[in-house]
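User: Hey, could you walk me through this model? I'd like the overall picture, then a few residues.

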Amino acid sequence: MTLPYYSFFDLVAPDWAVWSVLVLAILHMGFHGWGLRSWLGVMAVFLYGMGAGVGFWIALGCVVVLFGLPPFRRQISRAVMKLLDAIQFLPTISRTEQEAIDAGTTWVEGELFSGKPDFGRILSQEEYPGLTEEEQAFIDGPCQELCDATDDWDVFQRRDLPPHVWDLLKKHRFFGMIIPKEYGGLGFSASANSAVVGKVASANTVLGITVMVPNSLGPAELLIHYGTQQQKDYYLPRLASHEDIPAFALTEPGAGSDAGAMSARGDVFRGEDGRLKIHLNWSKRYITLAPISTVLGLAFKLYDPDELLGKGKQLGITCALVHSNAGGVDNGFRHDPLGIPFFNGPTYGTNVVVDLEEAVIGGADGVGRGWRMLMECLAAGRGISLPAVGSFSTKKVARVAGAHAVIRQQFGLSIGKFEGIEEPLARIGGMTYILDAARRFTNGALDKGAKPAVVTAMMKYNATEAFRHVINDGMDILGGNAISRGPRNALAHTYINTPIGVTVEGANILTRTLIVFGQGAIRSHPWVLKEVRALEASDVRAFDTAFWSHVGMVVRNAFRSVFLSVTRGRLAPAPVRGPAAPYYRKLAWASASFSILSDLALAMMGGNLKRREMITGRFADIFSWLYLTTATLQRFEAEGRPAEDEPLLRYSMAVAFTRMQDGFDALFASLRLPVFGLLFRGPIGAWSRLNRFHAPATDTDIKKVAAILKTPGAQRDRLTEGMYVASSPEKPTGRLERAMAASLRAEKAASILKKASRSGTIPRGPLEIQLQAAVAASVLDAEQADLIREAERLRNDAIQVDAFSLEEYRRTAWVDPE
């Protein structure tokens with residue numbers, strides 16, 4: 001008689017329960033990204049418990065040997081490397097692009113790309129900094145003094161800053177903010193640099209650019225990081241004291257975004273004194289401060305035809321300092337960038353001779369290292385200057401548009417009460433909140449020494465692009481008051497300046513498609529750069545580690561993207577409780593979806609992805625909004641979760657997740673991948689459209705955000721903190737603020753007057769007649785009547801625009817300042 005065979009699991013549970021446990025275990029391991037050993041262990045327990053036959057154990061053993069034992073697994077890795085090489089999977093990367101990828105560091109964007117960001121770590125360890133007492137004192141003192149002394153209209157009439165403003169720049173060492181104190185500079189943090197640039201830019205665009213440029217990419221920064229001690233000792237004190245005015249020359253007629261195409265050339269030769277010299281020729285354009293510079297930073301290709309340095313004949317891009325009064329230098333011309341009268345122009349060098357050791361930044365050791373120097377400096381600098389201008393200019397629009405919406409009346413009502421005005425006001429307010437959160441969060445990383453090149457590229461692109469939309473909303477709200485130039489206009493020059501920020505420090509089209517995702521997919525991905533370097537070095541061991549870790553990440557994110565989508569992020573842990581918690585969960589969901597989709601595109605398109613710029617641009621949009629959302633949540637938590645800011649948080653999150661959703665929808669419609677392309681355009685795309693990350697902002701929140709801009713007080717001040725608000729009513733912002741305050745003080749009395757007029761208690765007619773009648777009938781007292789009179793006087797003054805006689809108008813084209 002044969003006894004029936006029972007497995008161990010038969011004795012403890014029915015088959016359906018055993019299989020259910022196995023499925024749950026697989027889902028748990030996949031979702032949390034358990035390693036191969038854990039998977040093998042679970043499968044071994046299952047096979048043992050089920051009493052599996054020898055064949056199953058042999059199959060499991062083969063998996064253990066092939067994938068669990070490094071010597072055997074590396075044979076598979078070696079075969080993969082050969083395949084990738086045979087199909088030329090890697091994109092062609094130029095030397096300049098490679099140096100750009102290698103420059104800088106990876107920060108929180110690496111976690112966002114991983115698909116499983118640790119928001120608890122980010123909240124607890126990453127800074128959302130303010131300013132030191134010394135830095136704040138500079139903002140409140142010299143910076144305020146400089147802004148008060150600058151008249152925006154006067155600057156545009158004389159096409160230059162007036163002499164007393166130049167004197168203040170020199171007196172308070174504005175050009176030395178980044179220069180260490182031991183060299184006579186101010187030694188400010190990135191946060192302070194950003195705050196100063198932002199404030200002065202909100203006062204006057206020319207002032208902002210003039211302060212920004214010496215404290216960003218240029219001679220001072222290059223010297224601080226790479227100069228010889230002799231160069232630092234000579235130049236830095238002179239730059240800090242304004243004895244020297246710097247400019248940096250990179251762009252050429254034939255070399256803009258493609259810096260590798262530059263024609264500026266230097267040739268090494270030995271001078272009569274026995275020292276090595278360089279013979280320079282160049283033609284550069286768009287160089288800010290070049291027309292007034294005394295020292296010119298120059299990027300050029302260096303050649304050593306006689307190999308005097310022993311490093312070959314083609315030494316690569318090099319940076320040097322050239323005195324503007326040197327023989328052969330011509331900085332005497334100016335460009336006119338949209339009529340914004342900051343000093344900008346071409347520079348030419350013909351047969352200019354400099355001493356190699358004295359001129360090349362870093363001396364002989366700096367030869368051929370110029371592009372890397374520039375990329376490392378831009379990796380930080382892109383996150384400071386232009387994002388500050390974008391953020392603070394947005395604050396300016398928020399404050400100006402909010403005040404105007406209260407002051408300006410049509411149909412007997414302040415236009416801010418119309419929903420058509422509330423909607424753009426909310427867009428302005430929400431973007432003000434987002435941009436300043438991202439600015440401060442990014443500066444926190446820079447203050448600690450990080451150089452996150454991808455994040456700073458995101459900041460440059462998004463701050464300038466977002467402001468382009470914000471200023472258009474502001475112009476719409478102000479209408480004729482915005483387009484009529486003159487001393488009263490608060491926005492026109494800021495509007496005109498907008499394309500300049502979009503264009504410089506890497507044109508936005510290039511920044512979005514090439515840097516944020518094109519390079520970001522290599523730099524920010526946890527494993528791709530390691531795989532690329534291993535392939536280039538034919539390092540099987542390094543490739544084996546990176547490749548199989550990458551495979552594990554893909555498996556994990558496949559599970560996470562599906563289950564977070566099905567549960568709308570609820571399976572992801574939130575690092576906080578309260579209003580922000582649901583958004584952290586959705587952000588984890590978006591991160592996992594972005595990561596798995598990026599890996600699919602990388603795997604199936606390979607080097608061709610780099611050339612599919614519409615695709616990389618859509619990935620860049622999602623990646624950017626993952627970061628901007630993280631920064632906004634960081635702000636809300638760092639500021640103590642103020643209840644009054646919850647409408648701002650909700651509105652900002654609605655905008656952020658809607659932008660991400662738009663990016664995913666566009667990718668699902670456009671990615672033509674084998675098999676997956678049909679799924680993306682079919683069921684996956686349909687599911688994504690049905691199961692959106694977030695609904696659009698509610699009308700209630702739109703009204704609440706708009707109300708913040710229209711209501712003087714602490715919340716409006718916090719939202720626009722740090723921007724220049726003139727104390728003088730003779731300046732546009734001062735005039736608007738005074739009229740707004742008076743209008744709101746008189747609002748209650750004006751409402752009583754209007755009701756009395758409608759009811760027939762007082763006669764209809766001119767305002768003064770109504771006021772006299774209201775006082776006589778005790779509808780208003782004399783004080784209330786005076787409030788209304790003062791409000792109407794200031795309101796009427798604030799909505800006036802400038803008008804010129806023909807002779808005056810002709811003079812506005814050019815007035816001799818003398």
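Analyst: Sure, a definition to begin with: accessible areas come from the Shrake-Rupley method with a 1.4 Å probe, and for residues only the protein chains shown count as cover. On that basis, the accessible surface of the chain is about 34800 Å², with 57% of it belonging to carbon and sulfur atoms. Keep in mind that this is a predicted model, where local features need pLDDT of at least 70, side-chain atom pairs count only at pLDDT 80 or more, and totals for chains, interfaces and linings use all residues. Residues are numbered from 1 along each chain as its sequence is written, and side-chain values use heavy atoms, with hydrogens and water left out.

User: How many helices and strands does the chain have?

Analyst: There are 36 helices and nine strands. These are DSSP runs numbered from the N terminus: helices are H or I with at least four residues, strands E with at least two.

User: What's the radius of gyration, and what would a compact globule have?

Analyst: The chain has 31 Å, which agrees with the value near 28 Å for a compact globule of 818 residues. That radius is taken over C-alpha atoms, and the globule rule is 2.2 Å times the number of residues to the power 0.38. The C-alpha trace spans about 120 × 90 × 45 Å along its principal axes.

User: What share of the residues is buried?

Analyst: Buried residues are 54% of the 818. Buried means under 20% relative accessible area, exposed is over 50%, and partly exposed is in between (1.4 Å probe, protein chains only).

User: And how much of the contacts comes from residues 24 or more positions apart?

Analyst: They account for 76% of the contacts with a separation of 6 or more. Contact here means heavy atoms within 4.5 Å.

User: OK, tryptophans. Is Trp-153 buried or exposed?

Analyst: Trp-153 counts as buried because its relative accessibility is 12%. Trp-153 sits in helix α10, residues 152-158.

User: Which residues does Trp-153 touch?

Analyst: Leaving aside neighbours within four places in sequence, Trp-153 is in contact with Arg-485, Gly-486, Pro-487, His-493, Phe-804 and Thr-812. Trp-153 and Ser-728 are 575 residues apart along the chain, and their C-alpha atoms are separated by 15 Å.

User: Where's Trp-57?

Analyst: Trp-57 is in helix α4, which covers residues 54-68. With a relative accessible area of 34%, Trp-57 is partly exposed. Not counting residues up to four places away in sequence, Trp-57 touches Ala-44, Leu-47, Tyr-48 and Ala-52.

User: Switching to cysteines: how many disulfides does the structure hold?

Analyst: Zero. A disulfide is counted when a pair of cysteine sulfur atoms lies within 2.5 Å. Cys-377 is in none, and the nearest cysteine sulfur, that of Cys-319, is 8.5 Å away. Cys-377 is buried, since its relative accessible area is 1%, while Cys-62 counts as partly exposed at 41% relative accessibility.

User: Last ones, Asn-193 and Ser-561. What surrounds Asn-193?

Analyst: Asn-193 touches Met-177, Ile-178, Phe-188, Asn-215 and Ile-384, not counting residues up to four places away in sequence. Asn-193 lies in helix α12 (residues 190-203) and is buried, at 2% relative accessibility.

User: And which helix holds Ser-561?

Analyst: Helix α25, residues 540-566. Ser-561 is buried with a relative accessible area of 11%. Apart from neighbours within four places in sequence, Ser-561 contacts Trp-589, Ala-592, Ser-593 and Ile-596.
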